[in-house]
Amino acid sequence: MTAPTVIHRMVERCRAADYPPAAARLRSGWVVMGERQILTGYCLLLPDPVVAHLNALRSDLRAQFLSDMTAIGDALLAITEAVRINYAMFGNVDPALHAHIFPRRSAEPESTRTVQPWALDWSAAPPYSEAVHGDLKRRLVEHLAAVLA
């Protein structure tokens, strides 16, 4: 068995209702707000149970994970001024499946509008805060509940 990753610990905290960025439990896992809001509305989808990578899932579970991932993107398109959604799955640093979901806006500075999110200055990104991002998280949860009911 591999050592627990950051993703394992985040999922454990979601299960224990001890992770403030956690937004909702979906069929395949947890949608959480990014701890650093590099782009406002940045979310992750964490599978529950945690698996090593997308190909480790049975095809039906894989389809559910990808469906949940795009449902989060649809919700972000509906509740923000995003014009597109960027999706990313790597697992090279934390070798556990997780999907990054980034809303992209036409109002982004021209110098960064077409840049992939890892080229942005993450140290300058605001941390997730209920006071600042809580309303967006609430609208995300409401939208997901309505469309996934």
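Where in the structure is the place of Ala-17? Ala-17 belongs to the loop between α1 and β1. The structure under discussion is a predicted model.

## The turn after helix α1

Ala-17 comes just after α1 and adopts a positive phi of about 55 degrees. This is a positive value in a residue other than glycine. With a relative accessible area of 73%, over the 50% cut-off, Ala-17 is therefore classed as exposed.

## Helix α1

Helix α1 spans residues 6–15, and its buried residues are Ile-7, Met-10, Val-11 and Cys-14. Viewed down the axis of α1, these buried residues fall within an arc of 100 degrees, so they line one face of the helix. The elements covering them include β1 (22–25), β2 (29–33) and β3 (43–47).

The N-terminal end of α1 is capped by Thr-5, which places a side-chain oxygen 3.1 Å from the backbone nitrogen of Ile-7. Arg-9 is also found in helix α1; its relative accessible area of 45% makes it partly exposed. Between the C-alpha atoms of Arg-9 and Val-50 there is a separation of 9.9 Å, although the two residues are 41 residues apart along the chain.

## Helix α3

Helix α3 covers residues 130–148. Within it, His-133, Gly-134, Leu-136, Lys-137, Leu-140 and Leu-144 are buried. The cover over the buried residues of α3 includes β1, β2 and β3, together with α2 (59–79).

A polar contact is present at the start of α3, where a side-chain oxygen of Ser-129 comes to within 3.2 Å of the backbone nitrogen of Ala-131.

## Ser-28 and Gly-29

Ser-28 is located in the loop between β1 and β2, and it is buried, with a relative accessible area of 10%. Residues up to four places away in sequence being set aside, Ser-28 touches Leu-45, Leu-46, Pro-47, Asp-48, Gln-64, Phe-65 and Asp-68.

Gly-29 lies in strand β2 and is buried, with a relative accessible area of 0%. Apart from neighbours within four places in sequence, Gly-29 makes contact with Ala-24, Leu-45, Leu-46, Pro-47, Asp-48 and Asp-68. Leu-45, Leu-46, Pro-47, Asp-48 and Asp-68 thus appear among the contacts of both Ser-28 and Gly-29. The C-alpha atom of Gly-29 is separated by 21 Å from that of Ala-78, a residue 49 residues apart from it along the chain.

## A cis peptide bond before Pro-49

The peptide bond from Asp-48 to Pro-49 is cis, and its omega is near 10 degrees. Pro-49 is situated in the loop between β3 and α2. Asp-48, on the other side of this bond, is one of the residues that Ser-28 touches and is also in contact with Gly-29.

## The largest pocket

The largest pocket has a volume of about 360 Å³. Its lining consists of 18 residues, and those nearest its centre are Tyr-42, Leu-44, Asp-94, His-98 and His-100.

By residue class, the lining of this pocket divides into 10 nonpolar, 5 polar and 3 charged residues. Helix α1 supplies the largest share of the lining, with 3 residues. Helix α1 therefore combines a buried face with a contribution to the largest pocket.

How values were computed: Residues numbered from 1 in each chain as written. Predicted model: local features only at pLDDT ≥ 70, side-chain atom pairs only at ≥ 80, totals over all residues. Heavy atoms only, no water. Buried < 20%, exposed > 50% of the residue type's maximum accessible area, 1.4 Å probe, protein only. Helix = DSSP H or I, 4+ residues; strand = E, 2+ residues; numbered from the N terminus. Arc of directions from axis to C-beta. Contact = heavy atoms within 4.5 Å. Polar contact = N/O pair within 3.5 Å; in protein donor to acceptor, adjacent residues only side chain to side chain. 1 Å grid on protein atoms, 1.4 Å probe; cavity = no way out; pocket = protein on both sides within 12 Å on 5 of 7 lines; lining within 4 Å. Points joined across faces, edges and corners; volume = space filled by probe spheres on them. Nonpolar A, V, L, I, M, F, W, Y, C, P; charged D, E, K, R; others polar.
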